[in-house]
Amino acid sequence: MASSLQPNGTAADHAADPNPAQQKLLDPQTVRTPGRQPSPQPTHLGVSGDSHVSHVLSESGPGYVAPTFEGKEQQMERVMDAVEEKGFIPADLVETEVKWFYNELGIDDMYFSTESADAIVSHIHSLYAAKVAAYARDDKKLEIRLEKEAADHAVYIDTSRPGISNLQGSGFESRMESKYFDGSRGLHSYRMESFRSKSKLPDATDEEASLRCYFIYQSVFKNQNPAPGETRIEELGDERFLQKATKNTLDIYQRILDVVAVRTGPVIDMYEIEGTREKRLIVGFKQGSALGLFAALSDLYHYYGLTSSRKYIEQFSNGISIMSIYLVPAPGSETNHAPIEASIHQVTKEISLLYCVPQNRFQHHFISGRLSLQESIYAHCVWVFVQHFLNRLGTEYNTLKSVLDMSNNVQAELLSKLKKRLRNETFTADYILEIINQYPDLIRSLYLSFASTHYVHTRGEQDDFLPTLSYLRMKVDRVLTDDEHKDLISKSAVNEHHEMVMTAFRVFNSAVLKTNFYTPTKVALSFRLNPSFLPAEEYPQPLYGMFLVISSEFRGFHLRFRDIARGGIRIVKSRSRESYSINARLLFDENYNLANTQQRKNKDIPEGGSKGVILLDLQHQDKMQVAFEKYIDSIIDLLLPPHSPGIKDPIVDLYGKEEILFMGPDENTADLVNWATEHARERGAPWWKSFFTGKSPKLGGIPHDHYGMTTLSVREYVLGIYRKLGLEQSEVRKLQTGGPDGDLGSNEILLSSEKYTAIVDGSGVLIDPNGIDRPELMRLAKNRKMIIEFDVSKLSKDGYRVLVDDNNVTLPSGEVINNGTTFRNTFHLRNQEHYDVFVPCGGRPESIDFSSASRLISEGKSTIPYIVEGANLFITQEAKLRLEKAGCIVFKDASANKGGVTSSSLEVLAALSFSDAEFLSHMCVQPDGTVPQFYQEYVKGVQAIIQQNARFEFEAIWREHEASGTPRSLLSDRLSEAITKMDEELQQTELWENVDLRRSVLEDALPPLLLRDIGLDKILERVPENYLRAIFGSFLASRFIYSMGISASPVSFFAFMNHRMASVRRGSGTSVRRGSAVRT
């Protein structure tokens, strides 16, 4: 098994290069796109001298001025009386203790004016009790930990040593952050003021220890419901804040608010305090986008020998948080740390790294100083990587597979179960973490190899930033070669498992082609990987490109099988810890299979297959939009060259070629693609028009759901079965998963006229053997409503509905359903009901596998005669073959569900063909709702092409099956493989160089409307050549295979091309228009 994951040498060869800046850089001079201008960035980083705004503050105070509490002296007298009356503190110490509390802890008047005398007495008693308790300790250590939590405010007072993060400490900052700040939203937001006591603790054994006080208050906003786009601080601020903040603070915060409102990530600013060494660090961000950042910031500046004198967190009613921290050197820190004038720049630079992963899994090593922040987050990223690529099957599994007979159902099922068990039980995430934690020294050495390849110190002595400590270490420690690391790991690892895990660090290092890890501003960490390390036995179809994206809210991949490829981005949610564990284990394989299915679907279009999957962390199931925005922005970091020194520095690019990704909507992302399109435009991407499909018509998108694009293809296969077998549609009994609320499900209902007898959706199951009421079903489909909204009075006496929350339901047959959710999840496997056709339009991958398929087979015969797989990966390939063997006619997803990809491809083609101005006038619905005439005609043309391509493939598969008896599921794959293989070969032949042939094929392949309104010459000029080559190859290959068959000989292709070339020579133009016969 150890041999299944090994470095491929791609980047490792660069690991020992002493001058990484001399490597290939993604830099404006080398890969800049003509006409591209500097653009807004996802994060704002402000430092001295980077703008026209002065970064030197003349105020000597804290930037806050608490209104004087006129009754403070009288309150203190009452408190003294109450304390003396209680008798807990000796009478001769009462005045000393009370005055110490009032005058020495740095607490401002706002606290005393807010708290009652009784509450203050309680706090003074708690502090005194801590002193008394210290005398009972053997070490006489004075530790004070006071906490008072209420719904609208809280107080925490803690003993702390300046500049030290204590792993065994109170943990107050993490506690208050999770309880109050992380959940701050809208009116339920909390602000904080924190002070360190001016004097040392009396009688404390630790001379450096002092008290840190935190005061938290629920925000009371001046304007609780601000208008969209409102950024005026006087409208958005908390009333206490507006009352206390100085003009300097208000001006600074106003600038921060203005910038955060238009950024994806944080705004980081630093100000000098005139006449002192104190620095004021300010971080602004959108609420909920940086959970755990406050406590992690303390660890960061402690690492660099700094401490805070006071800290503030302010919330604003437009959903923005701002932290303000006053930093000074920690006592005695400058003997082994850089001076604050240098270290503050390192802290500022690393905040965006911390923002990406505020609480990484190796934080304790960072807090203790064994690893730097970069090293600990690097280890965290590799830990994520290892989880997906170490649970491999190994040589033993492959040997077993080679000796078993896969056509034997029993042996195939046994191997399938063994495969799942090996992957699930070999290495868990916790076990991998436990192993990595044991090797901090190895992590440091392996990180140096990674850093020596990817760190770029771009401006030498003139750099605004001093290099980080990890970079300085690179200049002192020797960077080991990959072979030396192999030997070091072998000697250090205590057993084979440990060696496998740490070897994965070498694999990761060698696979990374480029990363935004060292980009000064970022919102998530992205890595472009060379996928050649994947074992061919498990992933027989080699990937072309792989992106890994990691953030605190999610992890995600983007995989593609060709340079020019497209596919949707989906977000996966988890309902429980067990569900998350399963989703995490299957994340990469599901992504790979989805992209592979897309690759087979895309046989008719120039793009190959791709897919992106975002898995939300278990604690962040409500962060879909945040996760999507970070995922997209961090990938764009690796696609665009930098333009803002100190903000977007050049990165090392071992890939060395420009990349463009084409994406679209998928599960849970349909409402987010408009943002992605606009964001790509704001960041200056020249390909913003084609970056995402499925966007709003106002941005030139063609919505699949509105025009039924995906369903049109699925319907052609259903109708093809009826046509071939002479079935009357209205008499066919139908089962459908994916209900009237979904894209595919609703349009399938609206376009069909079968007799629906069962529908399954997210809310439950609706059954009526006599036929579900058609008008009521149409009403739900038109309004995109779940079957929970169905009027059950319209069911016949034999009909019923079981919802997921139902328990102990008795069906008309007398059967009792104990659990509605279980019934819903397995209903499609029941054989009590009878159907003629099953069209899955929704559901999780592998809902029918080899084992469960047996429940749909009775006495060797399939209980459902026809299945058209509309939902991606709903049925495993082994299950399809088992059902076909039992007599079921099955058309798989890669053939049936390709209408959406065709629509998206033609949307991309229009975006690439038009200029920006033409695109806006021809393809974008106007603000007043006016739909351009071209757009209307183009959509109809797209629909016609989808239906024609589906008919071509249906007829080809049906014909091949009739001739050979080969299962249709295999024919679908072979057809896709034959077309894509021929497509790739044709693109590399000299046929492309024949200008007349090239023009002839493109005139056939391109939509007539584009040729009419733009002209072939302008299209050839505007569309990238590799994209035009892909159109050329895919059109010729698909038309040849559809007409001549999967096994057509080279002689057949010779005849095919001769016929076309004769047509070209005759000057008769094209012989095949999209709407004509298949044969040329």
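**Figure 1. Arg784, a partly exposed residue in a loop.** At 30% relative accessibility, Arg784 counts as partly exposed, because that class lies between buried, under 20%, and exposed, over 50%. This is a predicted model, and here the view rests on a loop that runs between helix 28 (774-783) and strand 23 (800-803), where Arg784 is found. Take a look at the backbone too: phi of Arg784 is near 55°, a positive value in a residue other than glycine.

**Figure 2. Glu859, an exposed residue in a loop.** Strand 27 (857-858) and strand 28 (861-862) have a loop between them, and that is where Glu859 sits. Is Glu859 buried or exposed? With a relative accessible area of 83%, Glu859 is exposed, because anything over 50% falls in that class. Phi of Glu859 is positive, near 55°, and Glu859 is a residue other than glycine.

**Figure 3. Ser551, a buried residue in a loop.** Now for a loop residue that is tucked away: Ser551 has 5% relative accessibility, so it counts as buried. The loop in question links up strand 14 (545-550) and strand 15 (554-560) in the chain, with Ser551 between them. Which residues is Ser551 in contact with, leaving aside its neighbours within four places in sequence? They are Cys356, Val357, Val523, Ala524 and Lys630. With Cys356 there is also a polar pair to look for: a polar atom of the Ser551 side chain lies 3.5 Å from the backbone oxygen of Cys356.

**Figure 4. Helix 13 and helix 16, an oblique pair.** Two packed helices are described by the angle between their axes and the distance between the axes. For helix 13 (residues 373-389) and helix 16 (residues 429-436), the axes come within 10 Å and cross at roughly 135°. That angle makes helix 13 oblique to helix 16, because only angles over 145 degrees would count as roughly antiparallel. The crossing of helix 13 past helix 16 is right-handed. On the helix 13 side, the contact is made by Trp383, Val386 and Gln387, while helix 16 brings in Ala429, Ile432, Leu433 and Ile436. Sorted by class, the contact has six nonpolar residues, one polar and no charged ones.

**Figure 5. The whole chain, for orientation.** Stepping back from the close-ups, the chain has 40 helices and 30 strands. How many of its 1080 residues count as buried? The share is 60%. Among contacts between residues at least 6 apart in sequence, 72% join residues at least 24 apart.

Note on methods: Residues numbered from 1 in each chain as written. Predicted model: local features only at pLDDT ≥ 70, side-chain atom pairs only at ≥ 80, totals over all residues. Heavy atoms only, no water. Helix = DSSP H or I, 4+ residues; strand = E, 2+ residues; numbered from the N terminus. Buried < 20%, exposed > 50% of the residue type's maximum accessible area, 1.4 Å probe, protein only. Polar contact = N/O pair within 3.5 Å; in protein donor to acceptor, adjacent residues only side chain to side chain. Contact = heavy atoms within 4.5 Å. Axes fitted to C-alpha atoms, helices over the stretch in contact; angles between N-to-C directions. Parallel < 35°, antiparallel > 145°, perpendicular 65-115°, else oblique. Left-handed = near helix turned anticlockwise from the far one by under 90°. Nonpolar A, V, L, I, M, F, W, Y, C, P; charged D, E, K, R; others polar.
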